[in-house]
Amino acid sequence: MTDLQTAEDICLAMPKIELHRHLEGSLRPGFLLLVAARNGLKLPFSDADGYCSLLKFRTFADFVRPFLMGVNCLHEPQDMLEAVVQLGEQLAADNVVYAEVTFTPQFYLRRFSLETLFHALNEGREEVRRKHDIEIRWIPDLVRNRYDVSERCFRMLMRCDLKAQGVVALGLGGPEEGHPAQTFKALFDEARNQGIAVNPHAGETAGPESVWACLQDLHAVRIGHGVRSVEDQALLEYLKIHQVMLEVCIGSNVALKVCTEDQHPLRQLRQAGCRVCLNTDDPVLFQTTLSAEYLRAHSHHGFSIDDLNYCVRDAVDAIHADLKPWVHTRLGDMA
Ligand SMILES: [Zn+2]
């Protein structure tokens with residue numbers, strides 16, 4: 001690092017990839033105001049400051065409210081397209097070259113068909129590719145506490161040519177406690193048989209048993225969060241041996257009070273030999289960026305700049321898409 005280049009500059013300039021980010025958590029307030037006005041909706045804020053005042057998370061419900069407020073603004077296929085385009089601008093600002101973006105199809109299927117949804121998302125994806133040379137792939141997710149709705153959504157997904165739509169994995173989100181992954185075993189077995197990877201959230205709001213269920217029952221190849229794996233030595237050993245990537249989102253964990261910044265187990269996971277990568281989860285809701293997440297790993301969790309560079313390269317080997325050589329080349333070109 002030179003004297004003129006701060007760690008902040010380096011984290012911003014570093015070419016990156018992102019594997020855990022939700023479209024619904026990437027809707028900027030200015031975009032929401034625009035779309036809401038177009039759709040004749042009234043929002044409980046009129047500028048960025050007003051939006052920020054809604055982001056005080058004492059409980060998980062405090063997070064769900066602004067999350068759903070964003071979702072409820074997206075009425076038309078054009079809104080979905082533009083949501084992807086403004087997400088692409090955020091990725092470009094962070095020097096991201098490749099992202100696997102999660103979205104929750106069941107939010108939208110009351111308004112339009114899955115085919116229309118994919119068409120809009122992929123038009124947006126094409127615009128991001130054209131403007132920024134960034135590749136996006138999709139991870140539609142099912143919701144733990146709504147098995148009935150999730151199953152209907154899953155059936156619709158399985159009738160699509162998912163790979164042709166840019167889908168690389170099936171996710172699982174929602175509250176872990178009381179909603180075990182085992183319930184979804186048959187669905188994820190079917191997805192795997194269709195060549196779709198399994199990429200659930202686990203070990204965030206519930207403990208190691210939730211991660212075990214995703215590994216052993218769902219055959220997950222990557223885990224969203226997984227930070228509470230640190231509570232189980234045998235699980236850490238399993239994650240290390242099987243080289244399962246944990247998609248760590250420090251800002252999200254701190255904002256949702258999974259742990260404090262000081263207690264965050266990022267360093268402990270790495271010292272245990274687990275693979276970790278850095279992500280934003282819902283950057284607009286958590287008021288973070290991918291570069292800021294890199295900087296906090298450097299400033300608070302003992303990651304050197306070389307460690308951060310290693311994290312990016314290692315994350316490339318955990319991407320679901322058949323694009324690893326392309327991503328490595330793009331990272332090299334931008335470095
Ligand atoms: Zn997430």
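Colleague: Before we look at β6 and β7, what makes two strands pair?

Modeller: Two strands pair if DSSP finds at least two bridges between them. Now the case here, in a predicted model. β6 and strand β7 (residues 245-248) run parallel and are joined by 3 bridges. Within that pairing, Arg222 has Met245 in β7 as its bridge partner.

Colleague: How does the chain get from β6 to β7?

Modeller: Through helix α10 (residues 233-242). That β-α-β crossover is right-handed.

Colleague: Which elements make a unit with β5?

Modeller: Helix α9 (residues 208-216) and β6 join β5 in a right-handed β-α-β unit. The two strands, β5 (residues 197-202) and β6 (residues 222-225), pair in the parallel sense over 2 bridges. Look for Ala202: His225 in β6 stands opposite.

Colleague: What holds paired strands together in general?

Modeller: Strands of a sheet pair through backbone hydrogen bonds, and the pairing is either parallel or antiparallel.

Colleague: And in what order do the strands lie in this sheet?

Modeller: The order is β1-β2-β3-β4-β5-β6-β7-β8. These 8 strands form an open sheet, with parallel pairing.

Colleague: Which strands stand at the edges?

Modeller: β1 (16-22) and β8 (275-278). Each has a single partner strand, so one side of each lacks a neighbour in the sheet. From one strand to the next, the twist averages 25 degrees.

Colleague: Let's take β1. How many bridges does β1 share with β2?

Modeller: There are 5 bridges, in the parallel sense, between β1 and β2 (residues 96-103). You can follow the register by residue. Lys16 stands opposite Val96 in β2. Glu18 has Ala99 in β2 as its bridge partner.

Colleague: Is β1 mostly covered or uncovered?

Modeller: β1 is mostly covered. Of its 7 residues, 7 are buried. The cut-off for buried is 20 or more other C-beta atoms within 10 Å of the residue's own. So an edge strand, with one side left without a neighbour in the sheet, can still be mostly covered, as β1 is.

Colleague: Now the nonpolar core. What is the general idea?

Modeller: In soluble globular proteins, nonpolar side chains tend to be buried together. Here, the largest nonpolar core has 97 residues. Those with the most contacts inside this core are Ile17, Cys214, Leu246, Val248, Cys277 and Ala315. β2 gives the most to the core, with 6 residues.

Colleague: Which residues does Ala315 touch?

Modeller: Leave out residues up to four places away in sequence, and Ala315 touches Ile17, Leu19, Met245 and Cys277. Met245 you have met already, as the β7 bridge partner of Arg222.

Note on methods. Residues numbered from 1 in each chain as written. Predicted model: local features only at pLDDT ≥ 70, side-chain atom pairs only at ≥ 80, totals over all residues. Helix = DSSP H or I, 4+ residues; strand = E, 2+ residues; numbered from the N terminus. Axes fitted to C-alpha atoms, helices over the stretch in contact; angles between N-to-C directions. Core = buried A, V, L, I, M, F, W, Y, C linked by C-beta atoms within 7 Å. Buried ≥ 20, exposed ≤ 12 C-beta atoms within 10 Å, placed from the backbone. Contact = placed C-beta atoms within 7 Å. Right-handed = clockwise from strand over helix to strand, strands pointing away.
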